[in-house]
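Here is a short briefing on one chain. Please look over the sequence and the fold before reading on.

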Amino acid sequence: QLFVNIFPAVWSLLSGQQRADLDAELVKMLSKPEILIQRYMRPNVPETILEAAAHCQPSIPTLSPQLIKYLGQNFCGWYASATLLEQLCDTTGADHEILQESNNNQMPSWEKAQIALGSLLERLGDEDMWYGLMRRRAVFPETVLALSYAQAGQWPTAQASMEATLQKARNGVIGYLSSEYALWERNWYQSAKALQQWDFVGEVA
């Protein structure tokens, strides 16, 4: 607890270069396989660092979303890692007007953070937060509508909405991002499972 209280105060006093140097060392340390020995310890070093980093305002150490998710899942840092990923989503900001992926296929940092947070929420079984995040990620109104139906348990309507959207995408009526197309397919698959359409589920699996 002492480290959690002191680290954010120290971080706010460092220069930009000092923060970059410290951040690089933190990433290097937290990426080492040796820290796995602390996996079942409570508290542990990665969990404590995540909690301290979550309190660093206005600036936070730029840990990658994938590393934050990994540490949160494996070192019982669920809340701190979710908080950090939410901050990354907010500070980077998703540009929902972009309907085509970049030519170099580099995924934007905000999307990496949202995907990592979505995976974390799914592991926690927090369905309402997951659906809220997916609606925030959505580019097309059809996606938002289908997710809302699914969250409310209206599976037949959700499935029909997804089928219509998928058909439009296949016919070239609407453009799409690969990440959103994957979300459409996932939502259709979840609807089929909820409706016990095991023949369809078996074909997809």
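Asn187 has a relative accessibility of 3% in this predicted model. Burial requires a value under 20%, so Asn187 counts as buried. Asn187 sits in helix α10. Leaving aside residues up to four places away in sequence, Asn187 touches Ala146, Leu147, Ala150 and Met162.

**Helix α10**
- Helix α10 covers residues 178-194, which makes 17 residues.
- At 1.5 Å a residue, α10 should span 24 Å. Its end C-alpha atoms are 24 Å apart, so the expected and modelled spans agree.
- The buried residues of α10 are Glu180, Tyr181, Leu183, Trp184, Asn187, Trp188, Ser191 and Ala192.
- An α-helix has 3.6 residues a turn, so residues three or four places apart point the same way.
- Gln190 also belongs to α10. Its relative accessible area is 27%. Partly exposed residues lie between the 20% and 50% limits, so Gln190 is partly exposed.
- Gln190 and Trp155 are 35 residues apart in sequence. In space, their C-alpha atoms are 8.6 Å apart.
- After α10 comes Gln196, which has a positive phi, near 60°.

**Packing of α8 on α10**
- Helix α8 spans residues 141-151. Helices α8 and α10 pack at an angle of about 30°. Their axes are 11 Å apart.
- Angles under 35 degrees count as roughly parallel, so α8 and α10 are roughly parallel to each other.
- The crossing of α8 and α10 is left-handed.
- From α8, the contact uses Thr143, Ala146, Leu147 and Ala150. From α10, it uses Glu180, Leu183, Trp184 and Asn187.
- By type, the residues of the α8 contact with α10 are five nonpolar, two polar and one charged.
- Asn187 thus appears in this contact, and Ala146, Leu147 and Ala150 of α8 are among the residues it touches.

**Packing of α1 on α3**
- Helix α1 covers residues 2-13, and helix α3 covers residues 45-54. They pack at an angle of about 45°. Their axes are 8 Å apart.
- This angle makes α1 and α3 oblique to each other.
- The α1 and α3 crossing is right-handed.
- On the α1 side, Phe3, Val4, Phe7 and Pro8 take part. They meet Thr48, Ile49, Glu51 and Ala52 of α3.
- The contact residues of α1 and α3 comprise six nonpolar, one polar and one charged.

**Tyr79 in α5**
- Tyr79 lies in helix α5, which runs over residues 78-92.
- Its relative accessible area is 71%. Exposed means over 50%, so Tyr79 is exposed.
- Tyr79 and Ala54 are 25 residues apart in sequence. From C-alpha to C-alpha, they are 9.4 Å apart in space.

**The chain as a whole**
- The chain has 11 helices and zero strands.
- Its pattern along the sequence is α-α-α-α-α-α-α-α-α-α-α.
- The chain has 205 residues, and 38% of them are buried.
- Take the contacts between residues at least 6 apart in sequence. Of these, 59% join residues at least 24 apart.

Notes. Residues are numbered from 1 along each chain as its sequence is written. This is a predicted model: local features need pLDDT of at least 70, side-chain atom pairs count only at pLDDT 80 or more; totals for chains, interfaces and linings use all residues. Side-chain values use heavy atoms; hydrogens and water are left out. Helices (H or I, at least four residues) and strands (E, at least two) are DSSP runs, numbered from the N terminus. The expected span of a helix is 1.5 Å times one less than its number of residues. Buried means under 20% relative accessible area, exposed over 50%, partly exposed in between (1.4 Å probe, protein chains only). Axes are lines fitted to C-alpha atoms, for helices over the stretch in contact, and angles run from 0 to 180 degrees between N-to-C directions. Angles under 35 degrees count as roughly parallel, over 145 as roughly antiparallel, 65 to 115 as roughly perpendicular and the rest as oblique. A crossing is left-handed if the near helix is turned anticlockwise from the far one by less than a right angle, and right-handed if clockwise. Contact means heavy atoms within 4.5 Å. Ala, Val, Leu, Ile, Met, Phe, Trp, Tyr, Cys and Pro count as nonpolar, Asp, Glu, Lys and Arg as charged, and the others, Gly among them, as polar.
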